[in-house]
Amino acid sequence: MKNARRITDNPYLVNEIVEGIFLRLPVKTLLRFKCICKRYCDLISSPWFITLHRKIFNSEPYNHCILVQTGEINRLIRIQNPGCLIKINEPCTSNYTVVGSINGLVCLVTTAGSRKLICLWNPSINQFKMFPPMRRQMTRYIDVSMGFGYEKDSDDYKVMRVLSYKTVWPPTTLLEVYSTKLESWTVRKFDVHLKMSMCRCDVIVEGFTYWVAKDLDESTVLVSFDLSSDDLRLIPVRESLITESQSFEATNYHGSFALLVYSSPSEFKACLEVWMVEDVSAEAYRWQKKFTFRMDFEFSSHWGLTGGDIVVKNAPNMPFLFNLATKQMSVIGINPILSLFNYTESLVSIEGFKRIRNQQKVRRRRNDSLPQKNQQDRANRHIAELRDLNV
């Protein structure tokens, strides 16, 4: 009892214990604790706490989630329990495209009327911010791809738009970069032509954003954007990785860029290789095979996850999560999967964030505001359906 009294009487030690406990709690619990007292609110809202909490949550594999898009419903799935789907309160009522996610922030592109809008969203704290892209005359002769990333030294989240002109000579690519710190756009010009494989970036790691693209000679290259220097580099992809594999997928593998190369020769079992690129000099790069995983099954497509797991799609079966090290399989309770993204919850907020209204309540309110005649018509149709069923 004496020891307990000493701990209670020492405010510094009490603060240290509280901080240590709070740093390991989920975001939803911390948001509730902010309402208990001002001291807790100030602690949980402080920049150092938000940063340290994010790092601790990112380092624990059981905290990792997947944001899954199916075309109809979008859900979060915990990697430790992939059969459980978590509902999310989305900031957009219309269709949107996910660009990528890092540190709990998700970047979306959506449409409002005839305008394109960019949205930064944190599902964990139910807040978002929307802003327009740079005004520019767009034509079908421009290849466009979006990107998202985080620069640690300046604590700045950046949105990118790559515009590659097809018919301009010499070849020209514009890179537009939006800084959430400065809340402004900058533009850089590069004398290259790039044909991106997707309308969004392929991989996001801290400090870098990557796209897989084709250059002017139709060779496959890796486009690397350094968020600290705003520099764009082209890294040739090893030819054998393209010609000798069945498919390959760019991924964030334990915090680094990697290619997951899948091959399925008829006389051997299928295997998945992890290839990484290393800087040899300022303009020279070397691809190295880091790991080879033998597979006891074949699959049609796959996505790599940060913690080393993969999501496997093998139609007509349900997609499943597969741990490359332990060989453990877990069926995912959602199908089909159009795209998926790594997600880890965080308290991260940026300037201009505002709360998202509950979309279910908004829809319910709209239904309640319909004219009485429409509501009566719906009721009459429902009664007629019940009669047809002899209920």
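## Surface and overall make-up

The accessible surface of the protein chain adds up to about 21,600 Å², and carbon and sulfur atoms account for 51% of that area. Please keep in mind that this is a predicted model. Of the 391 residues in the protein chain, 46% are buried.

In terms of secondary structure, the protein chain holds eight helices and 26 strands. If you look at contacts between residues at least 6 apart in sequence, 48% of them join residues at least 24 apart.

## Two helices with a buried side

Let us start with helix H5, which covers residues 47-59. Its 13 residues should span 18 Å at 1.5 Å a residue, and the end C-alpha atoms are 19 Å apart, so the two values agree. Which residues of H5 are buried? They are Phe49, Ile50, His53, Arg54, Ile56 and Phe57. Viewed down the axis of H5, these buried residues fall within an arc of 170°, so they line one face of the helix. Pro47 and Ser59 are exposed, and they sit on the face of H5 turned away from its buried side.

Helix H4 (residues 38-45) can be read in a similar way. Tyr40, Leu43 and Ile44 are its buried residues. Around the axis they cover an arc of only 90°, which means that they lie on the same side of H4.

## A four-stranded open sheet

Further along the chain you will find an open sheet of four strands, ordered E17-E18-E19-E20 and paired antiparallel. Strand E17 (247-253) and strand E20 (285-294) are the edge strands, each pairing on one side only. On average, and with direction ignored, neighbouring strands of this sheet are turned by 30° against each other.

Inside that order, strand E18 (residues 256-263) and strand E19 (residues 271-279) run antiparallel and are joined by five bridges. For a concrete pair to pick out on screen, take Val261, whose bridge partner in E19 is Glu273.

## Two loop residues with positive phi

A word on backbone angles helps here. Most residues other than glycine have a negative phi. Asn103 is not a glycine, yet its phi is positive, at about 55°. Asn103 belongs to the loop between strand E4 (96-102) and strand E5 (105-112). Is Asn103 buried or exposed? With a relative accessible area of 8%, Asn103 falls under the 20% cut-off and is therefore buried.

Asp155 is another residue other than glycine with a positive phi, in this case near 50°. Its place is in the loop between strand E8 (142-151) and strand E9 (156-165). The relative accessibility of Asp155 is 36%, so Asp155 counts as partly exposed.

## The surroundings of Tyr178

Tyr178 is a residue of strand E10, which runs over residues 172-179. Its relative accessible area is 5%, so Tyr178 is buried.

What does Tyr178 touch, leaving aside residues up to four places away in sequence? Its contacts are Lys129, Phe131, Tyr157, Lys158, Val159, Glu183, Ser184 and Trp185. There is also a backbone distance you may like to check: the C-alpha atoms of Tyr178 and Met160 are separated by 6.3 Å, while the two residues are 18 residues apart along the chain.

Notes. Residues are numbered from 1 along each chain as its sequence is written. This is a predicted model: local features need pLDDT of at least 70, side-chain atom pairs count only at pLDDT 80 or more; totals for chains, interfaces and linings use all residues. Side-chain values use heavy atoms; hydrogens and water are left out. Buried means under 20% relative accessible area, exposed over 50%, partly exposed in between (1.4 Å probe, protein chains only). Contact means heavy atoms within 4.5 Å. Accessible areas come from the Shrake-Rupley method with a 1.4 Å probe; for residues, only the protein chains shown count as cover. The expected span of a helix is 1.5 Å times one less than its number of residues. The arc is that of the directions from the helix axis to the C-beta atoms. Two strands pair if DSSP finds at least two bridges between them. Axes are lines fitted to C-alpha atoms, for helices over the stretch in contact, and angles run from 0 to 180 degrees between N-to-C directions.
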